[in-house]
Amino acid sequence: MNDNQKIVETINLGREYQLGSELVVAVRDVSMEVHPGQFIAVVGRSGSGKTTLLNLMAGLDKATSGSVLLEGQDLAGMGEKELTEIRRHKIGFVFQSFGLLPLLSAFENVELPLRISGVRAGEREQRAREALEMVGLTRRSKHRPYELSGGEQQRVAIARAMVTRPPLLLADEPTGELDSTNARSIFGLFIEMVREQGISVVAATHDSTLLAMADEVKEMRDGVMSERAEESHRYRE
Ligand SMILES: Nc1ncnc2c1ncn2[C@@H]1O[C@H](COP(=O)(O)OP(=O)(O)OP(=O)(O)O)[C@@H](O)[C@H]1O
Ligand SMILES: [Mg+2]
């Protein structure tokens, strides 16, 4: 398989933190590949390294060993400017706490990344509308975050992450603040995007009931990654 068919690849990736005299190894020797149209769930206890791994993949944190290749390009070789461009166009990021701006409507929140990228008004409007439609919130466009349920807020955050049409969506505990019905529907939305648009999703989660929906399940334990074949969708068909 050539590099064009990998959205992101980590090679012996490691991240250590020095805290006073203590060395914390947050991610240890992780090698994984993400292909177009793949939905990968990363599970693991609190402190096992999930957030660190996603941050490294997004270029929000720097590896202390090994590398991250995004569409074949090593993030380590990039300056801040280049990394910012990559984060704007290649990667969508969704957090547990939604991170919406409270004074902006759902529509304005979704449109914001396009404003930042200098997309002209007509196109902004059309793309923001499409993104809200994709997450089923057309009728909530004018609502501000506090006028939306938790599940709806997370859908807005996903629309915002996808509005720039990145090939890769990274989601860190995206269902952590949702009840199980909303959590399933967020994972359902990921599956839809993966199957219909061919994007790739890597989602960290604590919730083991969602794992059957993923193509692959990776488990983090003290920074080390292993495959949990028994749960993933791939092995259930
Ligand atoms: N900036 C930092 N400085 C020092 N240690 C850190 C830092 N960030 C994370 N760590 C440590 O690295 C390890 C992995 O943390 P990480 O946040 O990646 O875990 P996690 O799997 O996302 O946990 P959770 O499920 O609670 O979100 C933990 O032991 C944590 O204390
Ligand atoms: Mg975390």
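Biologist: What makes β6 and β10 the edge strands of the open sheet?

Modeller: In this predicted model, the sheet has six strands in the order β6-β7-β8-β3-β9-β10, with mixed pairing. β6 and β10 (224-227) each pair on one side only, and that makes them the edges. From one strand to the next, the twist averages 20°.

Biologist: How do you know that β7 and β8 pair?

Modeller: Two strands pair if DSSP finds at least two bridges between them. Five bridges join β7 to β8 (residues 200-205), so the two count as paired, and they run parallel. L168, for one, has S200 in β8 as its bridge partner.

Biologist: Which strands does α5 touch where it packs on the sheet?

Modeller: α5 touches β6 and β7, and its direction makes about 165° with that of β6.

Biologist: Why is α5 called mostly covered?

Modeller: A residue is buried if 20 or more other C-beta atoms lie within 10 Å of its own. In α5, 10 of 13 residues are buried, so the helix is called mostly covered. Among the buried ones are V156, I158 and M162. The buried residues pack against β6, β7, α3 (106-116), α4 (121-134) and α6 (180-197).

Biologist: And ligand 1: which element gives the largest share of its shell?

Modeller: That is α1, with three residues. β1 (8-19) and β2 (22-34) also give two or more residues each. The residues around ligand 1 include Y17, G47, K50 and T51.

Biologist: What makes up that shell by class?

Modeller: The shell has four nonpolar, seven polar and one charged residues. Gly counts as polar here, so G44, G47 and G49 from the shell belong to the polar class.

Note on methods
Residues are numbered from 1 along each chain as its sequence is written. Chains are lettered from A and ligands numbered from 1 in the order in which they are written. This is a predicted model: local features need pLDDT of at least 70, side-chain atom pairs count only at pLDDT 80 or more; totals for chains, interfaces and linings use all residues. A residue is near a molecule or strand if its C-beta atom, placed from the backbone, lies within 6 Å of it. Helices (H or I, at least four residues) and strands (E, at least two) are DSSP runs, numbered from the N terminus. A residue is buried if 20 or more other C-beta atoms lie within 10 Å of its own, exposed if 12 or fewer, and partly exposed in between; C-beta atoms are placed from the backbone. Two residues are in contact if their C-beta atoms, placed from the backbone, lie within 7 Å. Axes are lines fitted to C-alpha atoms, for helices over the stretch in contact, and angles run from 0 to 180 degrees between N-to-C directions.
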